[in-house]
Structure formats: C-alpha cells, structure tokens
Amino acid sequence: MDVLVTGGTGRLGRVVVGRLQGAGHRVRQMSRRGTGPGGVRGDLATGRDLSPALAGAEVVVHAASDARGNYWEADVAGTRRLVQAVDRGRLRHLVYVSIVGVDRIPFGYYHAKYAAEQVLLASGLPVTLLRVTQFHDFVDELLRTARRGPVLPVPMGWRAQPVDVGEAATHVAEVAAGPPAGDVVEFGGPEELTAADMARAWAAAREPGARVVATPVPGRLSAAFRDGAALPTGGARGRRTYAEHLRG
C-alpha cells in the first residue's frame, strides 16, 4: 500500500513508520519541512502543500498532535484541513491515533482530540479512531518531572493501563492494513496500575532514594482518573508490562 503518516517523527509515529516499512508498504512521512527518509512537505497548521503530500495515498495514519501548543489549531483545525486535502478517489483507510478516555476525562487537550474524532466521523471518509493508553516512557517522564527532591508525590487512586510504544506501533500498522472500523477501537497495556504502583516501581528502578507519597487531589479531572476513565473498556491488549519496561 501507499501510506502517508502524519507525525511520523514523533514518539509513536517514527516507530509506526518502521513497522509499515517492515511489512513492505511504501511509506511517506509528512512534516512542515519534509525532511528525513521518505519525507514530504505538508503543513496541517496552514494547509500548505497538503494536497500534493496526500496525493495517491491509499492509507493515511494521522498521528500528528500538539499537546503542548495550540492543540485546537493543530489537532482540530489541522484534521479538518487533512479531510479537505485527502485524495478521496484513492483513500481506502484513514487511521486516527487518539487517546483512551478523550470522551470521559475533562481536560482541554483531550477535548480537542475528541473534537478531531468527531470531524473524522462526520467526514464520510473510511476511518478508524484508534484510542491508545499512555506509553511507558511517557509515564517515566511524568514521574521524573513530578519528583520534588527526595519526595515523589502522585495523585491518590488514579488508575491507568500503560502500554509499550513498540506494541502500540505494531497494532497501529496492523489496523492500518485492515478494513476501516468506522468507529472507535481501543488498545491498552496488559495491566491496570495505580499512580502509586507505577511511582514505586519507577523509583525502585530509577531513583531508589525517592519516597512515594500518594496525595488526595480534588476536582473532576482527578475523579475521572480515579473512576477508571483512562482505562480501556475493550479492544486488543499489549503484553509488555511496565515492570518489564523498567528492567529494559
């Protein structure tokens, strides 16, 4: 297949590109500068060069996102521009990489991802909305930045089901090669863990001097994570645990 990957240089996207190439597909990765092997120029923020970048693509894996910037512009408006630019005569499948819980967790970035999903569902395109749980190395980053000297505070009762990024990339590539679901599908890690569980495992492996302190956090966001809104309710599961990730 001729596949275009947006966000092909990101945490997940670069692994997805490798998985698709390994399966024998012709893969192009789109970015504003069009750099790197198989790179093509296309700007979701402005729409510039999108049509030529997407020309001929039979499958699009839409993994581009901007969690730290203007995500309404990048994720929602950018997805609208993508929908307008795709080659409808050639497109067989568009896979959008989203996050488990975007419909249940009151957080601005999640609201934007959910809005982008709705753009795609209303587009008339052959789509699959693939919601994935948090990656192991993303959990590492959160815990590393949360540490305050010898203390590692974490929200009490928050629950997650982290997944290996390599397993997620393999699943994305498999979904992309299959028929469109026309709806939401989920992919998560093999086990449910609390924030304290993950923090203790991380501290033991990476920062033995850190003391984990689980702290009650009020508010709707915290309640959603405690109530399991970030946990997948169906779909396939990865096999590599967070403890295995920490052992390398």
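Trainee: In this predicted model, which side chain meets Lys113 in a salt bridge?

Mentor: The pair joins distant parts of the chain, with Lys113 placed in helix H4 and its partner in helix H3, 38 residues apart. The N to O distance is 3.6 Å, which falls within the 4 Å limit for a salt bridge. The partner of Lys113 is Asp75.

Trainee: Are Lys113 and Asp75 buried or exposed?

Mentor: The limit for a buried residue is a relative accessible area under 20%. Lys113 has a value of 3%, and Asp75 has a value of 1%. Therefore Lys113 is buried, and Asp75 is likewise buried.

Trainee: Which residue forms a salt bridge with Asp137?

Mentor: Asp137 belongs to helix H5 (residues 136–146), whereas its partner lies in the loop between strand E1 (2–6) and helix H1 (13–22), 126 residues apart. Asp137 is partly exposed, at a relative accessible area of 25%, and the partner, Arg11, is partly exposed at 25%. The N to O distance is 3.4 Å, and the residue that meets Asp137 is Arg11.

Trainee: What is the N to O distance in the salt bridge of Glu207 and Arg147?

Mentor: Glu207 sits in the loop between helix H7 (195–206) and E11, and Arg147 in the loop between H5 and E7, 60 residues apart. Glu207 counts as partly exposed at 30% relative accessibility, as does Arg147 at 26%. The distance between their side chains, N to O, is 2.5 Å.

Trainee: Which residues are linked in a network of salt bridges?

Mentor: The count of salt bridges in the model comes to 15. A network of them links Asp103, Arg104, Glu117 and Arg131.

Trainee: Which helix supplies the largest share of the largest nonpolar core?

Mentor: This core has 26 residues, and Leu54, Val60 and Leu94 have the most contacts inside it. At least two residues each come from helix H2 (50–54), helix H3 (71–85), strand E5 (93–99), helix H4 (108–121) and strand E6 (127–132). The largest share is 5 residues, and the helix that supplies it is H4.

Trainee: How many residues are in the other core, which lies apart from it?

Mentor: Val163, Val165, Ala168 and Val172 are among the members of this other core. Its residue count is 25.

Trainee: Which side chains of strand E7 point to the buried face?

Mentor: In a regular strand the side chains alternate between the two faces of the sheet. Strand E7 (residues 151–155) shows this alternation, and Val151, Pro153 and Pro155 point to the face where the side chains are not buried. The buried side chains on the other face are Leu152 and Val154.

Trainee: What is the bridge partner of Leu152 in E11?

Mentor: E7 and strand E11 (residues 211–215) run parallel and are joined by 5 bridges. In E11, the residue that partners Leu152 is Val212.

Trainee: Which strands stand at the edges of the open sheet of 8 strands?

Mentor: The strand order is E3-E2-E1-E4-E5-E6-E9-E12, with parallel pairing. At one end, strand E9 (residues 184–188) pairs with E12 over 2 bridges, and Phe187 stands opposite Ala236 in E12. Each edge strand has a single partner, so one of its sides lacks a neighbour in the sheet. The edge strands are E3 (39–41) and E12 (236–237).

Terms used. Residues numbered from 1 in each chain as written. Predicted model: local features only at pLDDT ≥ 70, side-chain atom pairs only at ≥ 80, totals over all residues. Heavy atoms only, no water. Core = buried A, V, L, I, M, F, W, Y, C linked by side-chain atoms within 4.5 Å. Buried < 20%, exposed > 50% of the residue type's maximum accessible area, 1.4 Å probe, protein only. Helix = DSSP H or I, 4+ residues; strand = E, 2+ residues; numbered from the N terminus. Pairing = 2+ DSSP bridges.
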